[in-house]
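Colleague: I'm new to this one, so could you walk me through it and tell me what stands behind each term?
Modeller: Sure, have a look and ask away.

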Amino acid sequence: MLRQALILLLLTAPAHADTRAAMRVLRDECVGCHKPGKAKGGLLLTTHEKMMKGGDNGPAVVPGKPADSPLYHLVLADADPHMPPKKQLDTAALKALEAWVKAGAPWDARVFDEPPAPRPVKLSSMPETWQPVLALALSPDGKKLAVARGGSVILVDMAAREHPVLGRLEGHTGPVQSLAWTPDGARLVTGGYRDIRLWDPAALQQTGGITTALIGMVTALAATDTHVFAADGETGGAGFLHQFDFQEKPAATWKAHDDNILALRLSAKGDRLLSGGADRMARLWDTSTRALVAFYEGHTNHVHSVAFNHDASRIATAGADREVKVWDVPTREQDASLGDKKNAYVALSWTPDGKALAAITDKGHGSVYTELKKHDGAQRSDTAKERKLESAGAPLTSVVITADAKTVIAGSFDSRLHTWDAATGKPGSGIALE
Ligand code: HEC
């Protein structure tokens, strides 16, 4: 009886299309091979117009007619060629596509801006010997240096002459990729794979954590006293920003870059957030409305690092294109191009007074720029005074310059902290982490 009623129901139910459900199938199962630069069969499924135009064999969709639409009949079990080529979509996905084509295949581009559902992954533990220093952050008063090394965060006393280790924050199960202090110095935020932890750095204790809604590696963090901004995404996927108000769930999540976000910084006032990404862009956000205020376009490869000067009138960006660029924030014009054009720049640090900018490369050297002038078009070579830092002989990952602009400290893949005298560019003895 019940069975019959169900069958009847199924037969008489109107074709009710859930546009987003169908388009999520396209986004997650099809677009990877049908997008600009990889248009298999000549077909793009990234806009409604392209989908309707179709591929080498004509239109992919005949609105209202699933059986006549290659986009639908090629996903059926006996299709040849079969889409996706090495996989059979489940019944729910087939039904969603069928109903959607029947309903005329309406488009809803917002689907492409949704964060992808976290994929299940198996985490294997890291080899004990691989302990790269991947992130560094000086406390706002300059007295403590947080060092992310492997799965640990080590706090170093910068106020004492020998820079002793104050303690370790243990708990992350994989490498810690990102660090941020709150401006009041009361909290430290650390990021790993789908894992954000909050710590009381004075007590050396974890006070909270966030795992909800995280998609992949937390590649960058920035914090005000009330919000945490976290960069997240699948490797090679779109870059998302989350805002957490020190609660477990994000107050907001939005797509901020077309590729992974690699850097985040807040202005000293906390009203602007700057992001840099693998999509070669730097973007400026209003932290209260989360609106895009400006973007800075000019790098020809990943933007690895970003920094604000003291009053957020200028920003610096460092890229895999071997360039360090300085930009005027309101006009969005490039003031200076500082890189040596030979090495990929991986990290930047600007002193809080805006007087010295440190940049380091993946090859182990770097530069400290002072007297940064506005570029007037005529004397490109005169835009800054440069002190070159001798090579540390190890691939560097992260950098801070002390507020007095005397010392540059860089983290490295070789598990160590390298130091330089910023006045001479000579390497110092480093900071021991044991
Ligand atoms: C792994 C890559 C890959 C994925 C994923 C993929 N396709 Fe394809 N698609 C291809 C290739 C390759 C062709 C060309 C096949 C041929 O002509 O034999 C093609 C052809 C097509 C065509 C015919 C285009 C034409 O005019 O010749 C359609 C329609 C299509 N795919 C739809 C889809 C849909 C819908 C999905 C997702 C459910 C999907 N594809 C997923 C690789 C892929």
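Colleague: Which strand is Thr419 in?
Modeller: Thr419 sits in strand β29, residues 417-421. Helices (H or I, at least four residues) and strands (E, at least two) are DSSP runs, numbered from the N terminus. One thing up front: this is a predicted model, where local features need pLDDT of at least 70 and side-chain atom pairs count only at pLDDT 80 or more, while totals for chains, interfaces and linings use all residues. Residues are numbered from 1 along each chain as its sequence is written, and side-chain values use heavy atoms, with hydrogens and water left out.

Colleague: Why is Thr419 called buried?
Modeller: Buried means under 20% relative accessible area, exposed over 50%, and partly exposed in between (1.4 Å probe, protein chains only). Thr419 has 10% relative accessibility, so it counts as buried.

Colleague: What makes the link between Thr419 and Gly430 a polar contact?
Modeller: The term asks for a pair of N or O atoms within 3.5 Å; within protein, one must be able to donate a hydrogen and the other to accept it, and residues adjacent in sequence count only if both atoms are side-chain atoms. The side chain of Thr419 reaches the backbone nitrogen of Gly430 at 2.9 Å.

Colleague: What is unusual about the phi of Ser415?
Modeller: Most residues other than glycine have a negative phi, and most peptide bonds are trans. Ser415 has phi near 75°, a positive value in a residue other than glycine. Ser415 is in the loop between β28 (407-412) and β29, and at 16% relative accessible area it counts as buried. Arg194, in the loop between β8 (188-192) and β9 (195-200), also has a positive phi, near 50°.

Colleague: Which peptide bonds are cis?
Modeller: Among them are Asp80 to Pro81, with omega near -5°, and Met83 to Pro84, with omega near -20°. Pro81 lies in the loop between α4 and α5 (91-102), and so does Pro84.

Colleague: How do you know that the second largest pocket lies between the domains?
Modeller: Domain 1 (2-108) and domain 2 (133-421) both give residues to its lining, so the pocket lies between them. Those bounds come from an automatic or database domain assignment. The C-alpha centres of the two domains lie 43 Å apart.

Colleague: What makes a space a pocket, and which residues are closest to the centre of this one?
Modeller: On a 1 Å grid over the protein atoms alone, a pocket is an open set of points with protein on both sides within 12 Å along at least five of seven lines, whereas a cavity is a set where a 1.4 Å probe fits but cannot get out; lining residues have an atom within 4 Å of a point. The second largest pocket holds about 1,400 Å³ of space. Of its 46 lining residues, the closest to the centre are Leu26, Cys30, Val31, Gly32 and Cys33. α2 gives the most to the lining, with five residues.

Colleague: Why do Cys30 and Cys33 get their exposure labels?
Modeller: Cys30 has 13% relative accessibility, so it counts as buried, and Cys33, at 31%, counts as partly exposed.

Colleague: How many disulfides does a search of the whole structure find?
Modeller: Zero. A disulfide is a pair of cysteine sulfur atoms within 2.5 Å.

Colleague: Why is Thr235 called exposed?
Modeller: Thr235 has a relative accessible area of 81%, so it is exposed. Thr235 is in the loop between β12 (228-232) and β13 (239-244).

Key: Grid points are joined across faces, edges and corners, and a volume is the space filled by probe spheres set on the points.
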